Amino acid sequence: MAGGRQGTRRQGTRSQGTRTLPGTLLRILGLSCLWITAQAQMKIPPETVQQWATVFSVQLRDLTTKYSGSLLLQKKLQDVESIVRIVELDGGELVKDYSDQIERMLGRKMKSVKRLAESAEDADLYHDYNATMKFDYYNSMVINSVDEDGNSLELGGDFPLEENEHFNKLLVNTLQSDIQVPTNVYNKDPNILNAVYNSEALNDVFIGNFQKDPTLTWQFFGSSTGFFRIYPGIKWTPDSNGVAAFDCRNRNWYIQAATSPKDIIIMVDISGSMKGLKMTIAKHTINTILDTLGENDFVNVIAYTDYVRYVEPCFKGTLVQADLDNREHFKQLVDELHVKGEAKIKNAMKESFKILNEARASGRGSMCNQAIMLITDGAMEDFESVFEEFNWPERRVRVFTYLIGREMTFAQNTKWIACNNKGFYTHISTLADVQENVMEYLHVLSRPMVINHDHDIIWTEAYMDTVLPSTKELFTTKAQSLLLMTSVAMPVFSKKKETLSHGILLGVVGTDIPLMEVMKLAPRYMLGAHGYAFLITNNGYILAHPDLRPLYKDGKKLKPKPNYNSVDLSEVEWEDTQEKLRTSMVRGETGFIRQSIRASVDKKKRPLFLVNDYFYTNIDETPFSFGMVLTRGHGRLMFIGNVSVEEGLHDLTSPDLSIATEWTYCETNIDPSHRRYSQLQAAIRYLLGLEPDLECDEVLLQQTLFDAAVTAPLEAYWNALMLNDRVEPGLETAFLGTRAGLTRIMRYAGVETRVAKRFLTAVDKENLFTVDHFPLWYRLAVENTPGSFYYYPVNDKGVKYVIAATAVTVSSEGKMAMAGAIGLQMSLDFLEKLFWAVAKQPSDTDCSAIEGVCPLSCESADLNCFLVDNNGFVVLSKERSEVGRFFGEVDGSVMASLIKMGMFKKVSLFDYQAMCKNIHHHASSGRRLLSPLSSLAALTRWIFSNALTFLLDFSLWGLWHPDYYVDAKAGYHASHKQKKVDVLQPCDTQYPGFMYDSSVREANNLIKCGRCQKMFVVQQVPDSNLLMVVSQADCDCSRQYESILLDAKEIKYNATVKCNRMKSQKVRRRPESCHAYHPKEDAKECGGAAAIFPSLCVSASSLLASLLLCHWM
């Protein structure tokens, strides 16, 4: 061989004796020429590779056809073509039908919530407040718990709990609700006891609602006093420190129901007097205010000293939507604020009013409530002229003031600002005071709505509730986007006449709606292999979409992305570059749009070109819009078969048959007695007449029966092969699937010998019919030529095997519809044995007519041989480690040549939900709550090094509130202990995919690689999606050609583009209702005197504790 001769000549050169320099150079030059010539002489005959590809194609096709049974299934479908009809789905009718069903479902939830609100208000109306009330209730933290003597804990007691399938198999009590009280709220406070007593009336309504609508999940009442009543009752598990940090008043459903949309300017004093703990408290106050905002609100943050500074210069002079992205961005910037200079409030206040006035005049922002939040340790200037110029007499902008620190000198001025601008004044001396004091502004903004008794129903954006125990387990078992839920909620008011002008908000009632249950109303079988349904909000954010990925992997843990519920439709449907689809849906229109798109499957590795028809409409009485996609061609054509129940039912009970467990063939969630049935059991019982009350999808059941009957011969065929034919080792599983979600499986190999042990088991979600997608093999097969097998490699956690699948069709009246897909799973050992036997010429081959190396063999060390699929992934290689990898990563030189020759085309794909590493200096700013004892011990050490600051700023209240210690410590260490860490943050990325151009059937070329030339030959394997690649092994081109990777690259935006993207206002639909003003509002309630004058006892105790702690150190 040429490679061998080349090696001999190089050794000969090194063994020569000493020569003159010119002679040596000539000798080297001459040998170099001979070396290159020798390399070029290694010619791989294309005709040999072509012959291999042809023979391999026949053998592979025969085996996959035989052991899958594809020809038999196609024949059976042809036999029934006379009794089937093919219909073209009417997307407009379907989207209307599904949206009507969604409206009815959500309407039932709204009625349940209204009944709760009426009951809660009536209970309060007839209750007289009792300041000395004693009342025992079930506290969810201590139920079924005993002390050391075996006695039930106070507010605990025996509370029966049973596992319930409907509530994610949690232990619940469906006959009783119970109460959760945050750790920082005293659970025997008279206000708590009176409100809990009143809310007992909700128990019967909870149970009645659940009986009327058994699809209801959690129902709840969040009280303005801080407790949370939940039905069904559960045992609330605190965190590892024994703390219940959950406060219902911080939840989106509570905040949105309690107030109308709002524009907020947060003004924070960063003058020198705000140093130390004051600044830490101020930052925490800002973050808490930001946490009360939602996607219907708008915000900006201004820091001021003797000049006005926008914390985000990009947002100068404007308001931005308070979505999760922007709120988190503000928090990061606020954390970096530093104090200096002298406070001049007047200019900052003017700037704030100008922003709000301009927003109102130009129709931007919420066009509803407007407020300024002033956070300062004192206001000394003459600021009355500012209010006269910008806000009086209408007082359209409310001003809320937060006096930071123990100093009370400027308390009267700070309160005057709030009271004369329909706001509220609070004094915050410790971090523990922040939460309760910030919440006061929500009660003030709710007054007009409460006085007017406008019970607006609100719907939240999508959220992932990790409060309940089993949610984290669902992360790995359900489609990511369908982990999300939405809540419908309604405010509860005091109807007592004597307090009418006060506008007292009692709390908020609501219920959760898992979005998976909503999306099941658009059944998968009607949408086809690549079709899907989705929901968006009035702001264009996604509620549910199969391409929404709310989770990311941080190490080994799955976590929600920071911006998971503010992903815009345009970021998922990114081919909608003009945003026509988004704009129409946000406006609540009904219509249709057709788009050519680049899709991808198999973990985004395999690009597809599809033509999608988008149908959309609004969901009445909600802020949501519903969309549905049907793929042109097979996606819109569906065949309807007909078979008797008796015939189909017999075949439906075959042991090799299953149906999609996550689809709804029959609704088993309405009658509790039906919940014990699987979908297959429910369908069979309904068809047998044993459960006539079951609500079943008649069209789906009929199609399932037909599919069962038509595919029944495959069971006998597969069994006959097992009994009468010696099945080749490595042919492991035959399978088929139909559009109705029916699957048949034949295991040719036992579980002991099978390589692909997980394939088509319950944990193999990628290859099953699930609630949000068809199996991968099905989706790939239907995009391939029917009858021609599609082969692709699988790497399942290090276990590698190959799947072959092909589509089967039905034709009628000139139309062809996809009936399903059928395939075979085989081991790599089997495929290698078949390939290596074909890819070699015998030693006695007649080489006289062959130009090039002969006999040629892939077993030779001089050759690299591969099978590569149509997306460039290695199906077979001498090196097992290369199977499943992209061929460009394995051999960049050959892949680069194939791309240049047009055999593979690059497809640019985008991911606007990516997470990228961002290295930055990090200091802990955690909020974990510690026990009071550990707080005290740690705080003692901190005080020792900061004694003077402590004496000036510390209040004893903070000692027993762990937030105080953690935040103070974080503030201290921010400038002392920092380290570089890799933090994953949301980003946009671009990544490549590759597609084979089937018009180029063969290619060969020489690649110049420095001192050698590399020859390769590529040949299409007929009747498949495979390419045979044979290349010279002894010419290393890695220095001249880098590997071609599929890695995503972050899209970097310059400062201007980034700024424009951040502050751009996309089309949105404002909520219909707004409650910003009521003439009967009593604006004199603007912060009590108790907030202004601190307790002398508390101050003295604080000082004493400080001195004692210093003495201990």
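What is the order of the strands in the open sheet of three strands? In this predicted model, the order is β2-β3-β7, and the pairing is antiparallel. The edge strands are β2, residues 162-164, and β7, residues 233-234. Each of these pairs on one side only. Strand β3 covers residues 170-173. Its pairing with β7 is antiparallel and runs over two bridges. Within this pairing, N173 has G233 of β7 as its bridge partner.

The sheet belongs to a protein chain of 1113 residues, of which 56% count as buried. The chain holds 33 helices and 41 strands. Contacts were examined between residues at least 6 apart in sequence. Of these, 74% join residues at least 24 apart. The exposed area of the chain is about 47700 Å². Carbon and sulfur atoms supply 52% of that area.

One loop residue was examined for its surroundings. S224 sits in the loop between β5 (219-223) and β6 (228-231). The relative accessible area of S224 is 17%. Buried means under 20%, so S224 counts as buried. Residues up to four places away in sequence were set aside when listing its contacts. On that basis, S224 touches R249, Y254, H443, L505, L506 and G507.

A hairpin is formed by β20 and β21. Strand β20 spans residues 551-554, and strand β21 spans residues 557-560. The two strands pair in the antiparallel sense over four bridges. D554 has K557 of β21 as its bridge partner. Two residues lie between the strands. G555, in the turn, has a positive phi of about 70°.

Helix α23 was followed from its N-terminal end. The helix comprises residues 698-724, 27 residues in total. D697 caps the N-terminal end of α23. In this cap, a side-chain oxygen of D697 lies 3.2 Å from the backbone nitrogen of V699. From the first C-alpha to the last, α23 reaches 40 Å. This span is close to the 39 Å expected at 1.5 Å a residue. The helix nevertheless has a kink of about 35° at T711. The kink lies shortly before the proline P713.

Key: Residues are numbered from 1 along each chain as its sequence is written. This is a predicted model: local features need pLDDT of at least 70, side-chain atom pairs count only at pLDDT 80 or more; totals for chains, interfaces and linings use all residues. Side-chain values use heavy atoms; hydrogens and water are left out. Buried means under 20% relative accessible area, exposed over 50%, partly exposed in between (1.4 Å probe, protein chains only). Contact means heavy atoms within 4.5 Å. Accessible areas come from the Shrake-Rupley method with a 1.4 Å probe; for residues, only the protein chains shown count as cover. Two strands pair if DSSP finds at least two bridges between them. The expected span of a helix is 1.5 Å times one less than its number of residues. The bend at a residue is the angle between axes fitted to the seven residues ending there and the seven starting there. A polar contact is a pair of N or O atoms within 3.5 Å; within protein, one must be able to donate a hydrogen and the other to accept it, and residues adjacent in sequence count only if both atoms are side-chain atoms.
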